[in-house]
Structure formats: structure tokens, C-alpha cells
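I opened my notebook for a quick tour of this model. Come along if you like.

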Amino acid sequence: MTTAQSAPEDRDLPFNVFAKSCPSRGTLEHVTGRWGALTLGALYEGSLRFNELRRRVDGVSEKMLSQTLHALERDGLVHREAQLTNPPRVDYELTPLGREVAEHLLALIRLLEDSMDTVLEARERYDAARGAR
């Protein structure tokens, strides 16, 4: 059994993200990592092709976006649809669970964006107290 799999007996236990062996911890990491959160937020706006998504999530490399999409698809948060066209077309969109998760992430993102003046002031006070830049 690989570390990515959970034993069948683990499914009988209640999920607890604070427990090291709980599979929900991996999903939390996929969702709350920088690229996961931004990818879910971008897809909340609607279905996107890979390069559209890469442009929307400014700064993500092709490799990191691909890895992120695979993880989110495996967790059931993103649906990948490959269309048999020439050239091939692949679209990504949120599943119902992915949409629900993205709504919560976007609320957190809005809270942080709305609070950035307070955050920046706190950073200045912190740095001044410690003699940093």
C-alpha cells in the first residue's frame, strides 16, 4: 500500500484533520496550498482551459499547475474534460464539492484582501520592533 492510499479499516474511523494519519489532511493540504487555493478560486468563475487557468493564476508554473490539477481531480474537487477535437481540447471545472470548497476559500480570500491595510500596519509594527527592514 502506498502512502497515498488508506487502508479499508481507516474508513471506519471518524475523520480528524489534526490526526497525522487522517486522509483529510492531504486534501486540506491540496486545497489550502498556494496553488490549490488560487486554482479553486479561479475555477469558481467557470470552466477554463489549461492555459487560460495558467494565465488567471499568475505566477504558477506549468508543472505546478498540472500537479495541482491532478491532486484536486483525484480529491474529487475538479473535473477534467478532454474533448476529441483537433487540436485536442481539455477543460477544467469544479465539481459540486469543489464549488462548495471554493466558496469558503473565496470568503477567506475576500476577508484577507479587505484586511490588508491592517495586516500591512501590523507587519510594519512588527518589523520596527525587531529592527527589520
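My entries on the sheet and one pocket follow.

**Setup.** I am working on a predicted model, where local features need pLDDT of at least 70, side-chain atom pairs count only at pLDDT 80 or more, and totals for chains, interfaces and linings use all residues. Residues are numbered from 1 along each chain as its sequence is written, and side-chain values use heavy atoms, with hydrogens and water left out.

**Sheet.** I looked up the strands (DSSP runs of E, at least two residues; helices are H or I runs of at least four, both numbered from the N terminus). I found 3 strands in an open sheet, ordered 1-3-2, with antiparallel pairing; to pair, two strands need at least two DSSP bridges between them. Strand 1 (48-49) and strand 2 (78-83) each have a single partner strand, so one side of each is left without a neighbour in the sheet. Strand 2 is joined to strand 3 (residues 89-94) by 6 bridges, and I noted R89 as the bridge partner of Q83.

**Loop.** Between strand 2 and strand 3 I came to P87 in the loop. The N86 to P87 peptide bond is cis, with omega near 0 degrees.

**Pocket.** Next I checked the second largest pocket (an open set of points on a 1 Å grid over the protein atoms alone, where a 1.4 Å probe fits, with protein on both sides within 12 Å along at least five of seven lines; lining residues have an atom within 4 Å of a point). Its lining includes L38, R56, D58 and I109. Helix 2 and helix 5 (96-114) each give two or more residues to this lining, and helix 5 gives the most, with 4.
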